[in-house]
Amino acid sequence: MRPPRLLSGSLLGLALLALGGCATYSALPLPDHSSLGASVAATGVPPLDMDAVATLAVLNNPDLKAARAASGVAQAQAFAAGLLPDPQFSYSAEHPLDHVISPADPRYPEYNAYGLGLSLDLQTLLTHSSNRAAASAAYRQARLDLLWQEWQTVAQARTLYVQQAVAEQRHAFLERAEQIYALAAARSQRAQAAGNATLADTSADEAVLLDVRTQLGTAGRSGLQARQALRTLLGVGPDVTLQLQPLSAPPIPARTAVQTAVAHLTQKRPDLRALQAGYGAQEARLRAAVLSQFPDISLGVTRARDVSNVHTIGASVSLTLPLFNRGRGQIAIERTTRAQLRSEYQARLDHAVGDVWQLWSELQQLDGQLHRVDQQLPRLQNNVEAATRAYQAGDFPAASYLALVGSYLAAREARADLMQNLWTDSIALATVLGTQVQPS
């Protein structure tokens, strides 16, 4: 039972054509060691500024590397949606089992029947354009989501930059304060031993020294945590030293500049643009669902030979009768999903505008407080320096001197807190507006 020679050649050609376009498999083993870098010298010469730290974060962050690999899935899906559907080929063969027919009969091979068929589903062609548009929009959404994740990583790197810089500044002036209070506590102990001070005076000085040392330890741990978190974010090893440039107060944008940025928010924010792309993908899915309500039609051609050696050629048509379902359920789902995405986009936009003006108002308040502290600090510092000289000469009371140092220390602490909060809000405002914030 063999088909004609022409049929055999056609089947062989189709098989070779199908195998020629097949993909091959190759194994990809998992890594067995860490990929953290051993240095940051390739990015910039220490001390690093905020730009260099942000660049390192975008290039080396392990989570971003994984996110970039994940975005390739959406690209592959968009590629798959752009491919045309394959036609369906069918072949059947029949061999008679009637023993009346003898294999010695010269017409015995003609009693073997076969059938060939080739068909194509027109429904997939009808919705192909919409499905391809939906997949392309989904790929754009994935790319914009990745860009928004990069923005978040940049903001996180800048925030850790500020935390480390402020922690180092706080640790430096607390070390100086510890030296002053340690000297005062030692002097009080000597005075008590000589009978010139009471136990209450010595205990008070030691309590203040203990408090300063506690603050110093807290500042040290904060700096260590910030440095380690920044190393992890930058994708470098735990032994890499990150030397950062010192910070001054960040620039505060004017109200008109903020208003201009808010007006272009939908064109700048990657998350808003990603939602726009997702909404476009849903529009395409809705169009595909509407087109799918038309009858599902398949067209085909057939070639056959029956057991009586009668050759036939014909056509076949199959369709789904739209009597009960008609795709109404899927259309309702897609329309409801579109309405949901529209509401989510509106909510995200409203929250973004509200966050912008809340952060800008907080920046105005923090900047005013920092300005007032900066006006007081030079006078307090001069007073402490003068009191230190008098105290060392024995011409200034110890209690008054330590109270003056405590006031100066409190002002430095307040300035460090204000600087960190000011930078944190500035970075957040730059992120929600899509602008750059750099150290002065």
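Ring pairs and a nonpolar core

Modeller: In this predicted model, the count of aromatic pairs comes to 3.

Colleague: Why is the pair of Trp357 and Trp360 called edge-to-face?

Modeller: Their ring centres lie 5.9 Å apart, and the planes meet at 85°. Centres within 6.5 Å make a pair and planes over 60 degrees apart count as edge-to-face, so that's the label.

Colleague: Where do Trp357 and Trp360 sit in relation to each other?

Modeller: They're both in helix H9, 3 residues apart, which puts about one helical turn between them.

Colleague: What makes Trp360 count as buried, while Trp357 is partly exposed?

Modeller: Trp360 has 11% relative accessibility, and Trp357 has 22%. Buried means under 20%, and partly exposed runs from there up to 50%, so they get separate labels.

Colleague: How do you know that Tyr391 and Tyr401 are stacked?

Modeller: Their planes are at 10°, with ring centres 4.4 Å apart. Planes under 30 degrees apart count as stacked, so the name fits. This pair links distant parts of the chain, with Tyr391 in helix H9 and Tyr401 in helix H10, 10 residues apart.

Colleague: Are those two tyrosines buried or exposed?

Modeller: Buried: Tyr391 has a relative accessible area of 5%, and Tyr401 has 3%. The limit is under 20%, so both qualify.

Colleague: Which residues have the most contacts inside the largest nonpolar core?

Modeller: Val53, Tyr181, Leu234, Leu429 and Leu433, in a core of 67 residues. Helices H9 and H10 are among those that each supply at least two residues of this core. Leaving aside neighbours within four places in sequence, Leu234 touches Val53, Leu56, Ala57, Asn60 and Leu242.

Notes
Residues are numbered from 1 along each chain as its sequence is written. This is a predicted model: local features need pLDDT of at least 70, side-chain atom pairs count only at pLDDT 80 or more; totals for chains, interfaces and linings use all residues. Side-chain values use heavy atoms; hydrogens and water are left out. A nonpolar core is a set of buried Ala, Val, Leu, Ile, Met, Phe, Trp, Tyr and Cys residues joined through side-chain atoms within 4.5 Å. Buried means under 20% relative accessible area, exposed over 50%, partly exposed in between (1.4 Å probe, protein chains only). Helices (H or I, at least four residues) and strands (E, at least two) are DSSP runs, numbered from the N terminus. Contact means heavy atoms within 4.5 Å. Rings of Phe, Tyr and Trp (its six-membered ring) pair if their centres lie within 6.5 Å; planes under 30 degrees apart count as stacked, over 60 as edge-to-face and the rest as tilted.
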